[in-house]
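Hi everyone, thanks for making time for this. Have a look at the sequence and the structure on the screen, and then I'll talk you through them.

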Number of protein chains: 2
Amino acid sequence: MGDELHSSEWIAGSININPVLVRKELSNLRQHGLVESKEGKNGGVYLAKPANKIHLSEIYEAVRQESALGTKRTDPNPKCKVGKQINKHLDSLYNEVEDTLMQKLGKKTLAEFAGKFT
Amino acid sequence: MGDELHSSEWIAGSININPVLVRKELSNLRQHGLVESKEGKNGGVYLAKPANKIHLSEIYEAVRQESALGTKRTDPNPKCKVGKQINKHLDSLYNEVEDTLMQKLGKKTLAEFAGKFT
DNA sequence: CTCAACTGTAATATTATTTGTTACAGTAAA
DNA sequence: TTTACTGTAACAAATAATATTACAGTTGAG
């Protein structure tokens, strides 16, 4: 994938955000095998594989930090009949929903999405 | 739905959270027609319709504040070919995904979910 | 062989958002 | 007419997101 090499500064400029944040997220994407990068002068990042081989589900998985329906439920009261079981039941619901979401995103590729830009 | 009337204090105790926060969210659910409440002594909230008539999609719609895939993308650089169009394309993608999610949640009712609690 | 332009990462600061608290007017049962 | 609630608002505190600064390491070019 020699083509399309961009610096974090360039990307940051496009989305109006701090370059260090870009590098941090890129670091995450790299760990997930979606991008690779070249250090040193004229360095930058590029896709680790062709865009038509990258499914949106992979990106979603790499990028998301919590379930689509949210997670942050704190500790319910274990003395409460409902509180005691709620997390178990929510987890299974969330997983089920997440699965359909992944299936949907798995049918779309990054190339397809990028193709929309004229 | 005369049965199952609970005070915000009681609910707050179950989820280990502040009663005022409960009342705030309840206020939102009320505006969405999911619950009703009774003021005064022995007051509290109750479902506005039977649990088997409440679909999880309705709850999701009432409760969520941002799309399942997130929204908070700030202002992209309009001088950038990509930045200029990104929000439009993300929106349509998000909507499509959201639709499948709603379809999935629309098949489940609150009664069904509550039935899991033994 | 050294300067310039990058990445990668840590440490810290700033800002925004979430959550909690206090306060109090309004309502209804007892 | 007291008691136990709801409904809100205003403010405080805690947490999370974002930004900044700093600097070591890498690579290409003169």
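I'll start with how the two protein chains relate, then move to the DNA, and finish with some local details.

Two notes before that. This is a predicted model, so please keep in mind that local features need pLDDT of at least 70 and side-chain atom pairs count only at pLDDT 80 or more, while totals for chains, interfaces and linings use all residues. Residues are numbered from 1 along each chain as its sequence is written, and chains are lettered from A and ligands numbered from 1 in the order in which they are written.

So, how is chain B related to chain A? A turn of 180 degrees with a shift of 0.0 Å along the axis lays chain B on chain A with an RMSD of 0.1 Å; the superposition is by least squares on the C-alpha atoms of residues with pLDDT of at least 70 in both copies. The two copies are thus related as by a two-fold rotation axis. The same surface serves both of them, since 100% of the contact residues of chain B recur in chain A.

Now the interface itself. Here, 23 residues of chain B are in contact with 23 residues of chain A, where contact means that the C-beta atoms, placed from the backbone, lie within 7 Å. On the chain B side, α1 (8-15) and α4 (81-106) each supply at least two residues. Helices and strands here are DSSP runs, numbered from the N terminus: H or I with at least four residues for a helix, E with at least two for a strand. The element that gives the most to this side is α4(B), with 10 residues. By class, the side of chain B that touches chain A divides into 11 nonpolar, 9 polar and 3 charged residues. For those classes, Ala, Val, Leu, Ile, Met, Phe, Trp, Tyr, Cys and Pro count as nonpolar, Asp, Glu, Lys and Arg as charged, and the others, Gly among them, as polar.

While we are on α4 of chain B, that helix holds N87(B). N87(B) is partly exposed, with 14 other C-beta atoms within 10 Å. The cut-offs are 20 or more such atoms for buried, 12 or fewer for exposed, and partly exposed in between, with C-beta atoms placed from the backbone.

On to the DNA. Which residues are closest to DNA strand C? They are S7(A), S37(A), K41(A), V20(B) and G40(B), out of 24 residues that surround the strand; a residue is near a strand if its C-beta atom, placed from the backbone, lies within 6 Å of it. The elements giving two or more residues to this surface are α1 (8-15) and α2 (19-31) of chain A, together with α2 (19-31) of chain B. The largest share, 6 residues, comes from α2(A). This surface has 5 nonpolar, 10 polar and 9 charged residues.

DNA strand D is also surrounded by 24 residues, and the closest are V20(A), G40(A), K41(A), S7(B) and S37(B). Here α2 of chain A joins α1 and α2 of chain B in giving two or more residues, and α2(B) has the largest share, with 6 residues.

Let's turn to the strands. In chain A, β1 (residues 35-38) and β2 (residues 44-47) run antiparallel and are joined by 4 bridges; strands pair if DSSP finds at least two bridges between them. One of the partnerships is E36(A) with Y46(A) in β2(A). The two strands form a hairpin with 5 residues between them, and G40(A) in the turn has a positive phi of about 75 degrees. In chain B, K38(B) has G44(B) as its bridge partner in β2(B).

What about residues with an unusual backbone? Most residues other than glycine have a negative phi, and most peptide bonds are trans. N16(A) is not a glycine, yet has a positive phi of about 55 degrees. N16(A) sits in the loop between α1 and α2 of chain A, and counts as partly exposed, with 14 C-beta neighbours inside 10 Å. N42(B), also other than glycine, has a positive phi near 60 degrees. N42(B) lies in the loop between β1 and β2 of chain B and is exposed, with 7 other C-beta atoms within 10 Å.

Key:
Two residues are in contact if their C-beta atoms, placed from the backbone, lie within 7 Å.
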